[in-house]
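Student: Hi, do you have a moment to go through a model with me? I'd like to hop between a few topics.
Tutor: Sure, put it up and ask away.
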Amino acid sequence: MLFRESAASFAARTLEGSLALLLIENFRHKHSHQPGNSEVRSWERSLPALGNALVEAGLGEVEVMVEYGLPLTSKRADAILAGVHPTTGEPSYVVVELKQWSEAHPEEDDPLLCRIDAYAHPVLNPIEQVRGYCEYLLSFNGAVERTPEAVAGVAYLHNATEFGVGSLRTVPETLHGRMYTGEERGAFLDFLRSRLAPKPGAEAADVLLQGKVRPSKQLMSVAAAEVREREQFVLLAEQKLAYELVMSAVRKAKGANHKQVIVVTGGPGSGKSVIAMQLLGELYRRGVPALHATGSQSFTKTMRKVAGARKPEVQKLFKYFNSFMEAEPNDLDVLICDEAHRLRLTSANRYTKAALRTGRPQVSELIDAARVPVFLLDQHQVVRPGEMGTEEQIRQAAAEHGLDCTVVDLDSQFRCGGSDAYVRWVADLLGLEGGTPTVWEPDGKVDLRVADSPQELEGFLVARRDEGYGARMSAGYCWRWTTKITPDMQALPADVVIGDWARPWNLYGDRSVLGAPPAPLWATDKAGFGQVGCVYTAQGFEYDWSGVIIGPDLVWRTDRWVVDRTASKDPSFTKATPDDHIERLVRNTYKVLLTRGMVGTIVYSTDPETREKLRSLVPSVSGVDTGRGSV
């Protein structure tokens with residue numbers, strides 16, 4: 001939240017022109033970067049319209065919370081109004097989405113999407129957008145989860161007339177999603193008065209802000225019901241847009257000989273796999289031929305196990321990228337390519353039949369296999385030589401096929417406590433997007449710690465597990481991995497050795513041994529704690545607490561990172577792999593490991609100078625305690 005005051009004070013600030021400047025300052029302090037020009041223009045032009053409406057409605061004492069951050073995500077509602085319901089006397093809330101649009105029209109075959117001249121591609125209907133915010137708030141804030149009638153949602157298009165946007169109402173209006181135009185200002189005021197009494201709203205705002213946040217539903221724990229039965233995730237904004245774009249493309253494909261490529265980009269925890277699960281679940285329930293594919297053995301095998309536990313046919317929905325070498329063109333309606341940053345140049349390997357060794361690009365095979373191929377990716381998660389899935393490469397492949405390619409960028413953040421500041425901090429720490437390491441400024445969403453020893457790191461995670469949290473330890477690939485477990489072994493080989501501390505890597509292979517889960521299930525089976533995961537078993541998964549060991553392959557020297565390829569034991573790094581390629585892959589590896597934690601992350605480096613650097617960037621921690629508080 002960037003601002004909170006009474007409606008009267010809020011309106012006065014907009015009148016004197018100081019509110020936008022205050023929001024810019026608060027945004028910069030909270031997010032460590034400048035807000036975008038379009039966002040600032042929205043504050044300058046739309047917030048005064050809301051402030052004037054509240055004062056004219058006689059609701060000057062209602063509390064206004066501007067840019068309210070939805071729990072466990074970086075997505076923000078433009079404003080939430082908090083007050084007392086005029087009839088019940090109970091706390092009442094109105095979620096407000098403000099639009100400057102003067103004209104918008106629903107997409108022909110999907111009214112949940114709409115088109116406006118300013119954007120090249122469809123955007124989400126604002127009625128549906130604000131409804132999603134309300135449903136998400138009800139799902140994750142304990143103050144209102146049992147009283148859905150206490151929350152209302154409204155889109156206020158203050159520059160619009162009924163002639164310009166009235167057709168957007170082909171989407172049904174409900175308590176949680178409705179729309180008013182500037183032409184309907186009187187009706188908008190009446191709606192506000194029907195939900196909020198002319199009484200102080202500060203106490204109701206306190207109740208909402210202090211409401212217990214329920215943990216985000218982890219993907220694996222609900223995948224079975226998601227695919228087999230019904231939706232359990234609430235999609236927000238760009239997530240919902242991506243979902244609707246795919247469903248719209250499916251309808252077009254059925255109605256005509258139409259084919260379209262869709263790319264969904266986003267960082268770790270932005271909801272790519274949640275979209276994939278909702279799409280697969282809905283298509284499966286409708287009987288639409290669709291498959292899910294990845295390049296990750298861990299992810300695919302876990303999905304087969306979890307989603308297909310009681311319904312074996314569901315397991316067949318989960319394939320690998322190299323499963324489509326002999327697929328008939330457009331045999332599927334939809335192919336959902338999750339973790340598409342793990343695409344390879346070709347699908348051929350040493351086991352491929354000679355007749356199939358055509359050199360055909362893997363991305364072409366996937367595009368050809370379905371009328372609507374969907375690629376979900378984060379190009380900063382390319383961690384192995386030969387992986388090549390980027391937005392640019394998929395766009396180019398689509399163009400070579402003569403196909404339209406629609407790209408949706410997910411700018412929200414659901415992992416790491418919904419902290420986009422933390423994800424940006426990790427990117428700057430590792431220099432992935434041109435940034436440099438900065439001091440971590442706690443944002444109250446994610447807990448970041450630095451350990452002085454592996455014993456300290458593990459002990460901290462054990463304490464978190466005792467409190468009921470999930471936790472895993474992972475490390476850079478800097479220790480040899482014993483892949484052959486013999487029957488005479490009494491314990492797993494302790495390959496990861498740091499001083500007098502030693503722990504085994506996660507198991508190699510698909511069988512459980514000595515009580516440890518097979519490699520694909522390390523991240524999701526409780527028995528995975530105690531083994532150290534590598535990037536290949538951690539990628540694509542999330543857990544409450546993440547312990548990350550930075551090995552000698554990445555060390556800080558004076559004023560920069562140094563990648564030591566000789567310290568890596570990753571067998572995929574060969575003599576033929578260029579130094580600059582390995583440097584990027586090593587940095588991407590630690591980006592993946594550092595962004596698995598939903599509640600917090602604790603980091604340890606085997607190198608003293610690197611530990612000192614990390615300490616300087618997380619200055620408020622001096623030794624790791626066993627408490628839960630944020631640093």
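Student: Let's start with helix α15: how many of its 11 residues are buried?
Tutor: This is a predicted model, and in it 10 of the 11 residues of α15, which spans residues 420-430, are buried. The helix is mostly covered.

Student: Which residues of α15 are the buried ones?
Tutor: They are Asp420, Ala421, Tyr422 and Val423, then Trp425, Val426, Ala427, Asp428, Leu429 and Leu430.

Student: And what follows α15?
Tutor: Gly431 does, and its phi is positive, near 65 degrees.

Student: Switching to helix packing. At what angle do the axes of α1 and α3 cross?
Tutor: At roughly 135 degrees, with the axes coming within 9 Å. Here α1 covers residues 7-16 and α3 covers residues 37-56. Angles over 115 and up to 145 degrees count as oblique, so α1 and α3 are oblique to each other.

Student: Is that crossing left-handed or right-handed?
Tutor: The crossing of α1 and α3 is left-handed.

Student: How do the axes of α3 and α6 cross, then?
Tutor: They come within 10 Å and cross at roughly 65 degrees, α6 being residues 185-195. That makes α3 roughly perpendicular to α6. The handedness of this crossing is right-handed.

Student: New topic: where is His258?
Tutor: His258 sits in the loop between α9 (237-255) and β10 (260-266).

Student: Why is His258 called partly exposed?
Tutor: Because its relative accessible area is 25%, and partly exposed covers values between the 20% limit for buried and the 50% limit for exposed.

Student: How far apart are His258 and Ala143 in space?
Tutor: They are 47 Å apart, C-alpha to C-alpha, and 115 residues apart in sequence.

Student: Now the empty spaces. What is the volume of the second largest pocket?
Tutor: About 1,200 Å³. The pocket has 35 lining residues, and those nearest its centre are Gly295, Gln297, Arg342, Arg384 and Tyr508. The elements giving two or more residues to that lining are α11 (297-307) and α17 (535-538).

Student: How does that pocket's lining split by class?
Tutor: The second largest pocket is lined by 12 nonpolar, 14 polar and 9 charged residues.

Student: What about closed spaces: how many cavities of 30 Å³ or more does the structure hold?
Tutor: There are 3. The largest cavity has a volume of about 100 Å³. It is lined by 14 residues, with Tyr477, Val535, Asp553, Asp570 and Thr589 closest to its centre.

Student: Which elements give two or more residues to the lining of the largest cavity?
Tutor: Those are α17 and α18, the latter being residues 579-594. The largest share is 3 residues, from α18. By class, the lining of the largest cavity has 9 nonpolar, 3 polar and 2 charged residues.

Student: And the second largest cavity, what lines that one?
Tutor: Its lining is made of Trp481, Thr482, Ile485, Leu492, Pro493, Asp495, Pro504, Trp505, Asn506, Leu507 and Tyr508. The volume of the second largest cavity is about 50 Å³. Its lining residues divide into 8 nonpolar, 2 polar and 1 charged.

Student: Where did I hear Tyr508 before, in which pocket's lining?
Tutor: In that of the second largest pocket, where Tyr508 is among the residues nearest the centre. Tyr508 also lines the second largest cavity.

Notes: Residues numbered from 1 in each chain as written. Predicted model: local features only at pLDDT ≥ 70, side-chain atom pairs only at ≥ 80, totals over all residues. Heavy atoms only, no water. 1 Å grid on protein atoms, 1.4 Å probe; cavity = no way out; pocket = protein on both sides within 12 Å on 5 of 7 lines; lining within 4 Å. Points joined across faces, edges and corners; volume = space filled by probe spheres on them. Helix = DSSP H or I, 4+ residues; strand = E, 2+ residues; numbered from the N terminus. Nonpolar A, V, L, I, M, F, W, Y, C, P; charged D, E, K, R; others polar. Buried < 20%, exposed > 50% of the residue type's maximum accessible area, 1.4 Å probe, protein only. Axes fitted to C-alpha atoms, helices over the stretch in contact; angles between N-to-C directions. Parallel < 35°, antiparallel > 145°, perpendicular 65-115°, else oblique. Left-handed = near helix turned anticlockwise from the far one by under 90°.
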